[in-house]
Amino acid sequence: MIGLLVALAGGLGAVARFELDSFVARRSRRSVPVGTVVVNVSSCLALGLLTGWVASHAGLDDLRTVLGVGFLGGYSTFSTASVEGARLLRAGRVRAALLHAGGMLVLSLAAAWLGLSITS
């Protein structure tokens, strides 16, 4: 049963990612993929919040699995970010690729730390 719930939550997370990425892309005039950054940073914040909250509440392991592995696993998209970085490199935009990858990593770590700090 938990596997089915993880699969359903993962599908919902993927839809949420698609909708948010599309929303940001329609409004962004930047030449780098900002939507992926927003998705990944927000997923790290949410996972930090969830992890800290579940750690202080016993018996919520299934909820953590469904939301963390399922929803946030489907929502986050570091593989897409890697491909976008590689595309920037192939286009000769080395500085943009490094800023995209490095900025996303730093912001994602900071968001996860913030989430854990808020709920721990």
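Let me begin with helix α5, which has 26 residues and should span 38 Å at 1.5 Å a residue; its end C-alpha atoms are 38 Å apart, in agreement with that expectation. I should say at once that this is a predicted model.

Which residues of α5 are buried? They are A96, A97, H100, M104, S108, A111 and G115. These buried residues pack against α2 and α4.

One of them, H100, merits a closer look. H100 is located in helix α5. Its relative accessible area is 6%, and the cut-off for burial is under 20%, so H100 counts as buried. If we set aside neighbours within four places in sequence, the contacts of H100 are P33, V37, A81, E84, G85 and L88.

That list takes us to helix α4, since the buried residues of α4 are A81, E84, G85 and L88. Seen down the axis of α4, these buried residues fall within an arc of 100°, and they therefore line one face of the helix. The background is familiar: an α-helix has 3.6 residues a turn, so residues three or four places apart point the same way. On the other side of α4 we find S79, S82, R87 and R90, which are exposed.

What covers the buried residues of α4? The cover includes α2, residues 34-55, and α5, residues 94-119. As for its dimensions, α4 comprises residues 78-90, 13 residues in total. From the first C-alpha of α4 to the last is 18 Å, close to the 18 Å expected at 1.5 Å a residue. Just after α4, G92 adopts a positive phi of about 80°.

I turn next to helix α2, where S43 is located. Is S43 buried or exposed? With a relative accessibility of 3%, S43 counts as buried. Leaving aside neighbours within four places in sequence, S43 is in contact with L72, Y75 and S76.

Helix α3, residues 61-75, contains G73. In contrast to a buried position, G73 counts as partly exposed, at 42% relative accessibility. The C-alpha atoms of G73 and A9 are separated by 8.8 Å, although the two residues are 64 residues apart along the chain.

Let me now place these details in the whole. How many helices and strands does the protein have? The secondary structure comes to five helices and zero strands, and the order from the N terminus on is α-α-α-α-α. Taken along the principal axes, the C-alpha atoms fill a box of roughly 50 × 30 × 25 Å.

Of the 120 residues, 30% count as buried. Among contacts with a separation of 6 or more, 75% are accounted for by residues 24 or more positions apart. The pair H100 and P33 is one contact between residues distant in sequence.

Finally, the surface and the charges. The protein exposes about 7,400 Å², and carbon and sulfur atoms supply 69% of that area. There are 10 positive and 5 negative side chains, and the centres of the two sets lie 17 Å apart.

To summarise, the buried residues of α5 pack against α2 and α4, and H100, which is buried at 6%, is in contact with A81, E84, G85 and L88, among others.

Notes: Residues numbered from 1 in each chain as written. Predicted model: local features only at pLDDT ≥ 70, side-chain atom pairs only at ≥ 80, totals over all residues. Heavy atoms only, no water. Helix = DSSP H or I, 4+ residues; strand = E, 2+ residues; numbered from the N terminus. Expected span 1.5 Å × (residues − 1). Buried < 20%, exposed > 50% of the residue type's maximum accessible area, 1.4 Å probe, protein only. Arc of directions from axis to C-beta. Contact = heavy atoms within 4.5 Å. Areas by Shrake-Rupley, 256 points an atom, 1.4 Å probe, with all protein chains shown as cover. Lys, Arg positive; Asp, Glu negative; His and termini not counted. Charge placed at Lys NZ, Arg CZ, Asp CG, Glu CD.
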